[in-house]
Amino acid sequence: MDKKILDISTKGGLLIAILLVVVDYRITLGMILGLVFYRLYYMLLTMSIEDQIDVPSEVKARNIGAVALRLLLLAFPMLVSFVIPEIFNIWGVFFGLLAFKITVYAYGVIKR
């Protein structure tokens with residue numbers, strides 16, 4: 001189900017980004033950047049979650065690097081939009097990163 005929601009959020013986010021190109025192309029580029037980096041984040045999360053569950057508690061301290069890498073992966077597009085605001089809109093990146101969470105809530109309300 002998670003992969004289905006991820007695909008729906010990506011397609012919906014791309015559709016909204018394409019529609020917003022009329023308003024400002026920077027919002028579109030920001031949303032695409034946010035969507036791409038959230039997909040990368042989700043891919044790393046699904047690859048490493050089994051490793052983090054199966055290891056004993058003494059070894060979990062070594063997994064801090066994986067958590068930090070995932071957080072940096074979410075922070076990088078925001079940093080890029082701060083540094084290059086003439087290309088990427090910060091709000092577009094923000095909503096691109098939140099598209100999955102918004103879709104999860106909407107999916108839960110609809111399926112209720």
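**View 1. Helices α3 and α4 run roughly antiparallel to each other in this predicted model**. The axes of helix α3 (residues 64-83) and helix α4 (residues 90-111) come within 9 Å and cross at roughly 165°, and α3 and α4 are therefore roughly antiparallel, a word used for angles over 145 degrees, while angles under 35 count as roughly parallel, 65 to 115 as roughly perpendicular and the rest as oblique. Here the axes are lines fitted to C-alpha atoms, for helices over the stretch in contact, and the angles run from 0 to 180 degrees between N-to-C directions. Helices (H or I, at least four residues) and strands (E, at least two) are DSSP runs, numbered from the N terminus. The crossing of α3 with α4 is right-handed, meaning that the near helix is turned clockwise from the far one by less than a right angle, whereas anticlockwise would be left-handed. On the α3 side Leu 74, Pro 77, Met 78, Ser 81 and Phe 82 take part, and they meet Ile 90, Val 93, Phe 94 and Leu 97 of α4. These residues divide into eight nonpolar, one polar and no charged, where Ala, Val, Leu, Ile, Met, Phe, Trp, Tyr, Cys and Pro count as nonpolar, Asp, Glu, Lys and Arg as charged, and the others, Gly among them, as polar.

The model is predicted, so that local features need pLDDT of at least 70 and side-chain atom pairs count only at pLDDT 80 or more, while totals for chains, interfaces and linings use all residues. Residues are numbered from 1 along each chain as its sequence is written, and side-chain values use heavy atoms, with hydrogens and water left out.

**View 2. Ser 81 is a buried residue of helix α3**. Its relative accessible area is 3%, and buried means under 20%, exposed over 50% and partly exposed in between (1.4 Å probe, protein chains only). The side chain of Ser 81 reaches the backbone oxygen of Met 78 at 2.7 Å. Leaving aside neighbours within four places in sequence, Ser 81 is in contact with Phe 88, Asn 89, Ile 90 and Val 93, contact being heavy atoms within 4.5 Å.

**View 3. Helices α1 and α4 cross in a right-handed way**. The axes of helix α1 (residues 2-19) and α4 come within 9 Å, and their crossing angle is roughly 115°. From α1 the contact takes in Asp 2, Lys 4, Ile 5, Leu 6, Ile 8 and Ser 9, and from α4 it takes in Ala 99, Phe 100, Thr 103, Val 104 and Tyr 107. By class, this contact of α1 with α4 has seven nonpolar, two polar and two charged residues.

**View 4. Thr 10 in helix α1 is buried**. The relative accessible area of Thr 10 is 14%, and a polar atom of its side chain lies 2.8 Å from the backbone oxygen of Leu 6. Leaving aside neighbours within four places in sequence, Thr 10 is in contact with Leu 35 and Arg 39. The C-alpha atoms of Thr 10 and Thr 103 are separated by 9.4 Å, although these residues are 93 residues apart along the chain.

**View 5. Phe 37 of helix α2 (residues 25-54) touches Leu 73, Phe 76 and Pro 77**. These contacts do not count residues up to four places away in sequence. Phe 37 counts as buried at 13% relative accessibility, and from C-alpha to C-alpha Phe 37 and Pro 77 are 7.1 Å apart in space and 40 residues apart in sequence.

Definitions and conventions. A polar contact is a pair of N or O atoms within 3.5 Å; within protein, one must be able to donate a hydrogen and the other to accept it, and residues adjacent in sequence count only if both atoms are side-chain atoms.
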